[in-house]
Amino acid sequence: MTAYIVRRAIYALVAMFVASVIIFYGLRVAPGAPDSTLFNPFASQEAKQALREKLGLNDPLPLQYVHFLRDLVHGNLGDSIKSGQPIPTLLAQYGKNSILLVASAAFLTYALSIPLGILAATYRGRWPDHLTMVLASVGMGVPNFLLGLLLSLIVGLELGWLPISGSGGWQYLALPAITLAAEGVAVSLRLMRSSVLEQLDQDYVRALRARGLRGHTIIWRRVARNALLPIISLSGIQIGALIGYTAIVEIIFRYPGLGQLLVSAVLQRDYPVALWLSLLLTGSVILINFIANIGYALADPRIRVSGDTSGG
């Protein structure tokens with residue numbers, strides 16, 4: 001197991017290094033520069049050159065990347081070019097909102113999809129199964145941005161039940177969290193249903209029935225636990241997708257989180273903020289996948305045994 005964890009950790013570090021190179025060069029070679037967004041059109045060339053020298057933008061790109069690694073090692077994140085605020089302050093200010101949003105969406109995803117998937121499999125071919133499959137099809141077919149706009153229009157504007165922008169309580173969190181979780185609920189629900197149906201055909205289920213155990217006892221105590229393995233395996237991708245879609249949802253609902261801050265930083269060419277936020281979000285996805293792989297190996301020993309054997 002230790003060898004498996006070490007190997008996965010090395011994969012994660014390599015992925016993070018490659019991602020940092022791509023993000024760094026992607027931001028630098030994209031059209032536009034900080035001096036073109038921060039200064040008005042009548043600003044002097046001397047002032048623009050002074051800013052470029054201060055930010056080190058006149059240095060060769062490899063040297064700029066080395067300076068970035070030096071700052072990373074020393075924990076020096078720098079300040080926002082636009083607002084002048086230290087980046088750790090921005091991360092603390094906006095990060096708590098994004099963490100709350102992603103955590104709420106993840107909770108909704110698994111709190112709804114697992115029991116509904118088991119319910120659909122238990123009543124296969126009957127109306128609970130048909131109803132949940134219809135909901136899953138709608139959840140997978142409607143894009144997040146369109147669902148967010150529809151919820152804003154109907155629930156927020158027409159009915160006036162919930163606010164459609166801002167932050168400050170569960171009322172402000174409800175619509176963004178539902179929007180963010182919808183696709184994940186649909187995908188996990190269908191996967192859970194298929195996994196439960198597959199388990200119900202196994203010999204151990206027939207043996208348990210022959211021993212006189214009730215159907216609900218078998219499903220909730222034995223089948224559901226085994227059927228969770230694909231859900232655990234998919235959780236890294238699912239939560240990674242939640243983090244990826246956060247920016248879109250935060251912009252639709254004007255929710256002050258890291259995604260909205262990242263988009264604003266990219267548009268304004270605020271290089272330090274855009275770079276560190278991109279790395280933070282990418283690192284979060286890589287870390288979650290790493291944890292999911294470890295959790296999957298813990299739940300199914302065949303995974304780590306296979307990995308150890310293949311890795312020599």
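Arg269 is buried, with a relative accessible area of 17%. The cut-off for calling a residue buried is under 20% relative accessible area, so Arg269 falls on the buried side. Keep in mind as you explore that this is a predicted model.

Where does Arg269 lie? Arg269 sits in the loop between helix H11 (258-267) and helix H12 (271-299). Leaving out residues up to four places away in sequence, Arg269 touches Pro31, Gly32, Ala33, Pro34, Thr37 and Ile81.

**The whole chain**

Let us step back from that one residue. The protein chain has 13 helices and zero strands. Written as a pattern along the sequence, the chain reads α-α-α-α-α-α-α-α-α-α-α-α-α. Along its principal axes, the C-alpha trace spans about 85 × 60 × 30 Å. Of the 312 residues in the protein chain, 38% are buried.

How much of the contact network joins residues at least 24 apart? Among contacts between residues at least 6 apart in sequence, the share is 75%.

**What the UniProt record marks**

An unreviewed UniProt entry annotates residues 9-27, 99-121, 133-157, 169-189, 227-253 and 273-299 as "transmembrane region". The same kind of record also gives the annotation "domain: ABC transmembrane type-1", again from an unreviewed entry, for residues 95-292. In the predicted model, the span 95-292 is 84% helix and 0% strand, and its end C-alpha atoms are 22 Å apart.

Two of the annotated transmembrane stretches can be looked at in more detail. Residues 99-121 are 100% helix and 0% strand, with 33 Å between the end C-alpha atoms. Residues 133-157 are 92% helix and 0% strand, and here the end C-alpha atoms lie 29 Å apart.

**How some helices cross**

Here are three helix pairs, with the angle and the axis distance of each.

| Helix pair | Crossing angle | Axis distance |
|---|---|---|
| H1 (residues 2-29) and H4 (residues 61-74) | roughly 125° | within 11 Å |
| H5 (residues 87-122) and H6 (residues 127-141) | about 135° | 7 Å |
| H6 and H8 (residues 170-200) | roughly 140° | within 8 Å |

Start with H1 and H4, whose axes cross at roughly 125°. That angle makes H1 oblique to H4. The crossing of this pair is right-handed. On the H1 side, the contact is made by Phe17, Ser20, Val21, Phe24, Tyr25, Arg28 and Val29, while H4 brings Leu61, Pro62, Gln64, Tyr65 and Phe68. Sorted by class, the contact of H1 with H4 has nine nonpolar, two polar and one charged residues.

Next come H5 and H6, which pack at an angle of about 135°. H5 and H6 are therefore oblique to each other. Is the crossing of H5 and H6 left-handed or right-handed? The crossing of H5 and H6 is left-handed. Leu116, Leu119 and Ala120 in H5 meet Pro128, Asp129, Thr132 and Met133 in H6. By class, that makes five nonpolar, one polar and one charged residues in the contact of H5 with H6.

H6 also meets H8, with the two axes crossing at roughly 140°. H6 and H8 are therefore oblique to each other, and their crossing is left-handed. The residues of H6 in this contact are Asp129, Thr132, Met133, Ala136, Ser137, Gly139 and Met140, and they meet Ala182, Glu183, Ala186, Val187, Leu189, Arg190 and Arg193 in H8. Grouped by class, the contact of H6 with H8 has seven nonpolar, three polar and four charged residues.

**A closer look at Thr132**

One residue is worth finding in your viewer: Thr132, which lies in helix H6. Thr132 takes part in the contact with H5, and Thr132 also appears in the contact with H8. Is Thr132 buried or exposed? At 4% relative accessibility, Thr132 counts as buried.

Not counting residues up to four places away in sequence, Thr132 touches Leu116, Ala120 and Leu189. Leu116 and Ala120 belong to the H5 side of the contact with H6, whereas Leu189 is part of H8. For a sense of distance, try Thr132 and Pro163, which are 31 residues apart along the chain. The C-alpha atoms of Thr132 and Pro163 are separated by 28 Å.

How values were computed. Residues are numbered from 1 along each chain as its sequence is written. This is a predicted model: local features need pLDDT of at least 70, side-chain atom pairs count only at pLDDT 80 or more; totals for chains, interfaces and linings use all residues. Side-chain values use heavy atoms; hydrogens and water are left out. UniProt positions are given in the numbering used here, feature names are shortened, and annotations may be inferred rather than shown by experiment. Helices (H or I, at least four residues) and strands (E, at least two) are DSSP runs, numbered from the N terminus. Axes are lines fitted to C-alpha atoms, for helices over the stretch in contact, and angles run from 0 to 180 degrees between N-to-C directions. Angles under 35 degrees count as roughly parallel, over 145 as roughly antiparallel, 65 to 115 as roughly perpendicular and the rest as oblique. A crossing is left-handed if the near helix is turned anticlockwise from the far one by less than a right angle, and right-handed if clockwise. Contact means heavy atoms within 4.5 Å. Ala, Val, Leu, Ile, Met, Phe, Trp, Tyr, Cys and Pro count as nonpolar, Asp, Glu, Lys and Arg as charged, and the others, Gly among them, as polar. Buried means under 20% relative accessible area, exposed over 50%, partly exposed in between (1.4 Å probe, protein chains only).
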